[in-house]
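Trainee: Could we go through this one together, question by question? I would like to reason from the coordinates each time.

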Amino acid sequence: MDVAIKEVTNKVKETSAVIQELTREIGKVIVGQHYLVERLLIALLADGHILIEGVPGLAKTLSVRTLARAVNTKFQRIQFTPDLLPADLIGTLVYSPKDGNFTTKKGPIFANIILADEINRAPSKVQSALLEAMQERQVTIGETTFPLPKPFLVLATQNPIEQEGTYPLPEAQIDRFMLKLVVTYPNKKEEKEILERMSTAREIEVNPVIDPVKIFELRAIVSQIYVDEKIKDYILDLVFATREPAQYRLESLKPLISYGASPRASIMLTLAAKAQAFLRGRGYVTPDDVKQIGMDVLRHRVLITYEAEAEDMTSEDIVKKIFDQIEVP
Amino acid sequence: MFISKALPKLLLFLLCFCPSLRAEPKLDVVLSNQKISLEETTSLSIQVEWPRKEAQYTFAFPKLRFNFLTLEQQGESQETFIQSGEEWLRKTFLITLKPQGIGQGKIDSFVIHYLDPSNQKGGSFTVDEQFITVTRPPFKLSSLHLLLLTAGGGGAVILAVFFLLWRGRAKKAVKSSDASSEQHQAVNAAKAIAEAYSKKSQKDLLHELSTLLRHFIHEQYKSKAAQMTDQELLDYLKTQSQIPRYECDSIQKMFNQLHEAKFAGTQLNEREFNHLTKEVIHYIEGKQVVGNP
């Protein structure tokens, strides 16, 4: 192994104990949902935001809250409702009659981990306010711009059912989420375990095992993880195949895709693959890392046509076909 | 005088009415090939012969059970032939078998029952179990060429690896007076490719070698090997019953070595590189590499 890569691998292995401890703490409360927990850690390590989709009762909110408790940072849960205003989120200027001045009242967005619950229930102006903050990592109230605290992680949830009275996220804004997760039901064994844990009044204590300083240390190691040229080419092939499927012998997908993944997808896929390699205890990325995280990075970035909808094809079906066609290095 | 006249009649009586004194039918079981490749078949021939005047036997088709083998074809025939001035009957059962995978196939021990309907007397033979070794089919260079051409431009470098190993063999052939023009071309191509080989980095070559291995597995086991990651491919191969465990282990070992060299910048020394290259080529040729680098 190359000396530099070996050094990174050693660092990864040395710090893996923290991740194991973090996973253990989350596991005290969350039964199963390994996929969700692992992706939450990836977002934390790769500095990305997550959109979680799943029917009610799948521990989406509980997972995020538990992560926040284990990470010893400021956590805010914001319930998105149709009457929510941008000021309710980012803050506003409040007039003080005593001295005749305006003072800034910061909104709940000034926290490290934000849970934007049911993000599609709020109107688009509120969504825009949040998504702008996600991208810029700063908020302007009145004439003053305030940087958001670091780390800043938005975990938004949305419900795939009950679409009545919801405001679907615009495509351009949905692109800002590094990962879109689709959470499914636990299996029977897991659900029995949930029953046993949750049917008692006793509250499960979650201890903070990691602080923001440690998160930045881990992120610094993740950023050093080596990505080979062939892996970069593989990532680009996957992303380009969503834009120009015909060039990758996927002519049949051409009429089904209205817009392919953006360059942000390539960046996010690389960063997420690095974090995935970190969780696997490696100092270098392999095609397995790309494939394992690929669907979560690409599923919300491939926009399908009406023709695809008529054929009952989803963006996931398209991404899967692309993975099945592109040669792995 | 009486005895000499009566003796043939007595013998005939004994033969007809005391079946235990009759000669047993002769059994001959032949397996056409005990070692076959995955693409070949083998035939089990069961022949029974007996003098016609002794009996009119009928035979039940034997019930056969196989391991790692599939019945391709079966048939039976009966013929008459003359042996030492006597008329004989020959019953033949022919069973053609196809292997299911690489390893050892087996035909379980079986019994052939026979009966003479005229007197309801009969018997049986027991045939011992038969073993068939199934090997990988030899990989043809022509199909490799085709494969590499479809694999893209980098294929030439893999050919270089092959030619480096076969160069000696080809050169020897060219030196001989009856060397064909094809062999001349092969050596010329080898020279050109060897030049390309010297210009490529070890990592690029190992990438090409890995591509070759994947394409070979793709051809061999009809898996989408090129689109699968190493782990996915191994998981797939392990679920295939026709692929023996030792072969999966061998592929895993090669993948592990290639993996680190491809993605983590591991630099192999000359001996390790040669050993890995040989291991891949020998795997493709269906041979086993003995020893460590």
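Trainee: Which residues does Leu51(A) touch, not counting residues up to four places away in sequence?
Mentor: Happy to start there; this is a predicted model, in which local features need pLDDT of at least 70, side-chain atom pairs count only at pLDDT 80 or more, and totals for chains, interfaces and linings use all residues. Residues are numbered from 1 along each chain as its sequence is written, while chains are lettered from A and ligands numbered from 1 in the order in which they are written. Two residues are in contact if their C-beta atoms, placed from the backbone, lie within 7 Å. By that test, the partners of Leu51(A) are Ala156(A), Gln158(A), Ile174(A), Phe177(A), Lys180(A) and His300(A).

Trainee: Is Leu51(A) buried or exposed?
Mentor: A residue is buried if 20 or more other C-beta atoms, placed from the backbone, lie within 10 Å of its own, exposed if 12 or fewer, and partly exposed in between. Leu51(A) sits in strand β1 (residues 50-53) of chain A, where helices (H or I, at least four residues) and strands (E, at least two) are DSSP runs numbered from the N terminus. Because 23 other C-beta atoms lie within 10 Å, Leu51(A) is buried.

Trainee: What distance separates the C-alpha atoms of Leu51(A) and Val182(A)?
Mentor: Along the chain, Leu51(A) and Val182(A) are 131 residues apart. In space, their C-alpha atoms are separated by 8.7 Å.

Trainee: How many residues of strand β5 (residues 113-117) of chain A are buried?
Mentor: In a regular strand the side chains alternate between the two faces of the sheet. Here both faces of β5(A) are covered, with Ile113(A), Leu115(A) and Asp117(A) on one side and Ile114(A) and Ala116(A) on the other. The number of buried residues is 5 of 5.

Trainee: Which residue is the bridge partner of Leu115(A) in β8(A)?
Mentor: Two strands pair if DSSP finds at least two bridges between them. β5(A) runs parallel to strand β2 (residues 75-79) of chain A, with 5 bridges, and parallel to β8(A), with 4 bridges. Towards β2(A), Ile113(A) stands opposite Phe75(A). Towards β8(A), the partner of Leu115(A) is Leu155(A).

Trainee: How far apart are the end C-alpha atoms of helix α11 (residues 287-298) of chain A?
Mentor: The expected span of a helix is 1.5 Å times one less than its number of residues. For the 12 residues of α11(A) that gives 16 Å. The model agrees, since the end C-alpha atoms are apart by 15 Å.

Trainee: Which element of chain B helps to cover the buried residues of α11(A)?
Mentor: α11(A) is mostly covered, with 11 of its 12 residues buried. Among the covering elements from chain A are α2 (34-46), β9 (179-182) and α13 (315-325). From chain B comes α6 (230-239).

Trainee: Which helix gives the largest share of the side of chain B that touches chain A?
Mentor: In this interface, 14 residues of chain B are in contact with 19 residues of chain A. The largest share of the chain B side is 4 residues, and they come from helix α7 (residues 245-263) of chain B.

Trainee: At roughly what angle do the axes of helix α5 (residues 202-221) of chain B and α7(B) cross?
Mentor: Axes are lines fitted to C-alpha atoms, for helices over the stretch in contact, and angles run from 0 to 180 degrees between N-to-C directions. Residues making this contact include Leu206(B) and Leu213(B) of α5(B) and Met254(B) and Leu258(B) of α7(B). The two axes come within 9 Å and cross at roughly 145°.

Trainee: Which peptide bond of chain A is cis, with omega about -5°?
Mentor: Most residues other than glycine have a negative phi, and most peptide bonds are trans. Pro151(A) lies in the loop between β7 (144-147) and β8 (153-158) of chain A. The cis bond joins Lys150(A) and Pro151(A).

Trainee: And what is the phi of Asp47(A)?
Mentor: Asp47(A) is in the loop between α2 and β1 of chain A. It counts as partly exposed because it has 19 C-beta neighbours inside 10 Å. Although Asp47(A) is not a glycine, its phi is positive, about 60°.
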